[in-house]
Amino acid sequence: MSESELSKSPTPDPAEDNAFFPSAYSLSQYASDRTDFGGVEHAGAYTGGRWKILMIATDERYLLMDNGTMFSTGNHPVEMLLPLHHLMAAGFDVDVATITGNPAKLELWAMPGKDDAVQQTYADLKPKLKEPLNLREVIVDRLGPDSDYLAVFIPGGHGAEVGIPFSPEVGQVLNWALENDRFVITLCHGPACLLAAAIGKTESPFKGYRICVFPDALDKGPNKEMGYIPGGLRLFIGEALEDQGLKVVNDQMTGQVHQDRRLLTGDSPLASNNLGLLAADALVEAVTAEA
């Protein structure tokens with residue numbers, strides 16, 4: 001069957017009422033068996049054993065749309081696993097946390113089945129994805145000025161819009177990262193997390209930062225038209241972040257990444273490899289300078 005013959009109707013998810021996966025046509029445009037991974041640049045560069053990455057993943061599957069349908073979503077596997085592949089190869093361990101401690105949810109329909117780098121990292125992290133840390137307990141037990149977390153990573157996927165932008169706990173972690181000069185790494189819809197940093201504040205501590213994020217225009221138009229999402233979003237991340245005083249530097253989905261101080265962002269799944277390279281550079285440079 002040719003691409004033009006594929007259905008643009010979202011595919012029903014039988015596990016939930018009025019819920020849908022992306023259409024067959026949209027997956028032919030957005031999903032691939034392989035990524036653009038071309039190797040790591042800092043294999044084994046960090047051997048200190050202390051510094052780790054804290055990944056905050058969504059544990060939510062369903063995103064309610066403006067028409068009452070639900071999008072069956074979660075964490076985008078490439079946006080999660082490819083940046084982490086670069087960081088883990090450099091020598092940084094990863095802890096996985098969710099807001100509730102319930103299992104992380106993945107958009108497995110976007111999993112690149114023939115990509116060895118992504119598959120390796122998925123296999124390595126699967127036990128932690130199934131039994132993640134509870135973010136509240138992380139805050140109590142593992143944060144502070146002497147914490148072993150060098151960076152906080154929030155992957156993309158539309159599931160990042162469920163709970164995470166409105167979580168005081170996520171806000172606490174992001175403010176801790178800023179106050180303790182740690183890195184924040186996120187991409188695509190993941191920068192929705194930055195909204196949480198302003199909870200209880202008169203203005204966002206990220207005000208004035210420049211970021212890449214998934215273009216709102218694609219969610220308002222093409223993603224609906226091709227049946228990737230079954231309705232309109234109730235939160236457009238770029239608009240919401242610019243309302244808080246951040247500056248979005250991209251208006252297209254090209255794989256663009258950007259670093260502003262210790263905030264590293266990417267525009268889409270296409271940025272996953274680029275963001276992994278950028279993050280590995282930045283973290284290795286930081287621990288090398290410290291030594």
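How much space lies in the largest cavity? About 30 Å³, in what is a predicted model throughout.

**View 1. The largest cavity and the residues around it.** The structure holds 1 cavity of 30 Å³ or more, and its volume comes to about 30 Å³. Glu161, His189, Val213, Phe214, Asp216, Asp219, Leu233, Leu235, Phe236 and Ile237 form the lining. Sorted by class, that lining has 6 nonpolar residues, 1 polar residue and 3 charged ones. If you're wondering how such a spot is found, rolling a probe the size of a water molecule over the atoms shows where empty space is left.

**View 2. The largest pocket, with Tyr30, Ala31, His76, Pro269 and Leu270 nearest its centre.** Here we have about 410 Å³ of space, with 27 residues making up the lining. Helix H1 (24-30), helix H2 (77-90) and helix H9 (272-290) are the elements that each give two or more residues to that lining. H2 supplies the largest share, at 3 residues. As for chemistry, count 13 nonpolar, 10 polar and 4 charged residues around the pocket.

**View 3. The second largest pocket, lined by residues including Arg61 and Tyr122.** Its volume is about 150 Å³. Pro103, Ala104, Lys105, Leu106 and Leu108 belong to the lining, and so do Lys126, Leu129 and Lys130. No polar residues turn up in this lining: the split is 6 nonpolar and 4 charged.

**View 4. An open sheet of 4 strands.** Read across the sheet, the order is S1-S2-S5-S4, and the pairing is mixed. Strand S1 (11-12) and strand S4 (62-64) sit at the edges, each pairing on one side only. Further in, strand S2 (residues 19-21) and strand S5 (residues 70-72) run parallel and are joined by 2 bridges. To find that contact, look for Phe20, whose bridge partner in S5 is Phe71. As a reminder, strands of a sheet pair through backbone hydrogen bonds, either parallel or antiparallel.

**View 5. Strand S6 and its pairing with S3 and S7.** Strand S6 (residues 93-98) is mostly covered, with 5 of its 6 residues buried. Strand S3 (residues 52-56) pairs with S6 in the parallel sense over 5 bridges, and Leu54 stands opposite Asp95 in S6. S6 is also joined to strand S7 (residues 133-134), again in parallel, through 2 bridges. For that pairing, the residue to pick out is Ala97, which has Leu133 as its bridge partner in S7.

**View 6. Cys193 and Cys212, two buried cysteines.** Why is the sulfur of Cys193 not bonded to the closest cysteine sulfur? That sulfur, in Cys188, is 12 Å away, which is too far for a bond. The sulfur of Cys212 also has Cys188 as the place of its closest cysteine sulfur, and at 11 Å that is too far for a bond. A disulfide needs the two sulfur atoms within 2.5 Å, and the structure holds 0 disulfides. Cys193 counts as buried because its relative accessibility is 0%; Cys212 is buried as well, with a relative accessible area of 0%.

**View 7. Residues 77-201, the span listed as "domain: DJ-1/PfpI".** That label comes from an unreviewed UniProt entry. In the model, the end C-alpha atoms of the span lie 33 Å apart. Helix accounts for 39% of the span and strand for 15%.

Technical notes
Residues numbered from 1 in each chain as written. Predicted model: local features only at pLDDT ≥ 70, side-chain atom pairs only at ≥ 80, totals over all residues. Heavy atoms only, no water. UniProt positions renumbered as here; feature names shortened; annotations may be inferred. 1 Å grid on protein atoms, 1.4 Å probe; cavity = no way out; pocket = protein on both sides within 12 Å on 5 of 7 lines; lining within 4 Å. Points joined across faces, edges and corners; volume = space filled by probe spheres on them. Nonpolar A, V, L, I, M, F, W, Y, C, P; charged D, E, K, R; others polar. Buried < 20%, exposed > 50% of the residue type's maximum accessible area, 1.4 Å probe, protein only. Pairing = 2+ DSSP bridges.
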